[in-house]
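Trainee: I'm new to this one, and I'd like to know what stands behind the words people use for it. Can we go through them together?

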Amino acid sequence: MTPVLEAEGLGRRYGRQWALRDCTLALPGGQVIGLVGPNGAGKTTLLSLAVGLLRPTEGEVRVLGRRPRSPGTVAEVGFVAQDKPLYRNLTVAETLRMGAWLNPGWDAPGARDRITRIGLPMDQKVGKLSGGQRSQLALTVALSKRPKLLLLDEPVADLDPIARRDFLRTLMSEVAESGVTVVLSSHLLADVEKTCEFLVLLATSHVQLADDTETLLSQHRMVTGPRADAQSLFSAHTVVQADYAERQATLLVRGRAPINDPMWTVRPVSLEELALAYMSTSLPQEVAA
Ligand SMILES: Nc1ncnc2c1ncn2[C@@H]1O[C@H](COP(=O)(O)OP(=O)(O)OP(=O)(O)O)[C@@H](O)[C@H]1O
């Protein structure tokens, strides 16, 4: 199956600083994909390259098997930028009419339905909506376009908890019903854990993880034991992160090699623990014996 988003050696530089580098990815279709990473990691840069708002400095990116902005791609890819750009002087109804006019596959009943459920007045000017209401409207427009690929840059950051839960549910049911692929960047790791089947983690402008979440979870374990014996784990396993208390060491270990020594307690990791560990930029220090 052709990946919905493919990057090969993709990089983008601003002046001398790389915002994204060596990005090679193949994202599968028909699921919600979480894009996470610390501030400045390159998430917006990657999404902007994918929709053709930015040109790569090196490498290439393809969406739905084509170059961004090639004929056909624009209609099939929806994008909601972090600042949710909308025309402030249009009313909600006019915004939906414009959506219908610009998008051949526009889902007019679905759009009206969502606006009614959210409780946005149709005659309200966009400029007079709250930040969260504007986000809701921008997301409605993006969904109603019925894209094959929907790229959302921090879509739920300013939604209240109920609106956030409802929106994420809507996304998951859209994926199940229409097969749309959603790539969503977020700092809310608990939401990503609940919603996403595939995770891309960027840190320091590089892809650190890109795989389905089940595989990632099965490849990692949290191991706790005496600090004085931690050295032995470093020699036999890949240690992603190490935390030390006075006598105890807690290590995030990658790989499936058995840890049989009974002095170590081994437990599965949560996606949130995994993401936090990979987001921290410093490499784990081997313990001084
Ligand atoms: N227009 C620009 N000019 C110069 N540098 C930029 C520009 N846009 C982004 N950058 C830099 O590129 C890097 C990546 O930025 P990007 O916005 O992609 O990060 P991000 O992961 O989306 O961050 P956040 O989580 O804070 O939104 C940062 O160091 C940022 O300062």
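Mentor: Here we talk through the ligand's surroundings, a record entry and the two sheets.

Mentor: First, this is a predicted model, where local features need pLDDT of at least 70 and side-chain atom pairs count only at pLDDT 80 or more, while totals for chains, interfaces and linings use all residues. Residues are numbered from 1 along each chain as its sequence is written, and side-chain values use heavy atoms, leaving out hydrogens and water.

Trainee: What makes a residue part of the ligand's surroundings?

Mentor: One of its heavy atoms has to lie within 4 Å of the molecule. By that rule 14 residues surround the ligand, and the closest are Asn-39, Gly-40, Lys-43, Thr-44 and Thr-45.

Trainee: Which helix gives the most to that shell?

Mentor: Helix 1 does, with 3 residues. Helix 1 (43-50) and strand 2 (17-27) each supply at least two. Those names come from DSSP runs (helices are H or I, at least four residues; strands are E, at least two), numbered from the N terminus.

Trainee: Why is the pair between Gln-17 and the ligand called a polar contact?

Mentor: A polar contact is a pair of N or O atoms within 3.5 Å. An N or O atom in the Gln-17 side chain is 3.0 Å from a ligand oxygen, so the pair fits that limit. The His-187 side chain does it at 2.9 Å, again to an oxygen of the ligand, and Ala-41 uses a backbone N or O atom at 3.1 Å.

Trainee: How much of the ligand does the protein bury?

Mentor: Alone, the ligand exposes 640 Å², and the protein buries 64% of that. The areas come from the Shrake-Rupley method with a 1.4 Å probe.

Trainee: What does the record say about residues 5-229?

Mentor: UniProt, in an unreviewed entry, lists them as "domain: ABC transporter"; such annotations may be inferred rather than shown by experiment. In the model, that span is 36% helix and 29% strand, with its end C-alpha atoms 44 Å apart.

Trainee: How do you know that strand 1 and strand 2 pair?

Mentor: Pairing takes at least two bridges found by DSSP. Strand 1 (residues 5-14) and strand 2 are joined by 7 and run antiparallel, so they pair. Tyr-14 stands opposite Gln-17 there.

Trainee: Why is strand 4 called an edge strand?

Mentor: The open sheet has 3 strands in the order 2-1-4, with antiparallel pairing. Strand 2 and strand 4 (58-63) are its edges, as each pairs on one side only.

Trainee: What makes the other sheet's pairing mixed or uniform?

Mentor: That open sheet has 6 strands in the order 5-6-7-3-8-9, and its pairing is mixed. Strand 5 (77-80) and strand 9 (206-212) are the edges. Strand 5 runs parallel to strand 6 (residues 149-153), joined by 4 bridges, and Val-77 stands opposite Leu-149.

Key:
Polar contact = N/O pair within 3.5 Å; in protein donor to acceptor, adjacent residues only side chain to side chain.
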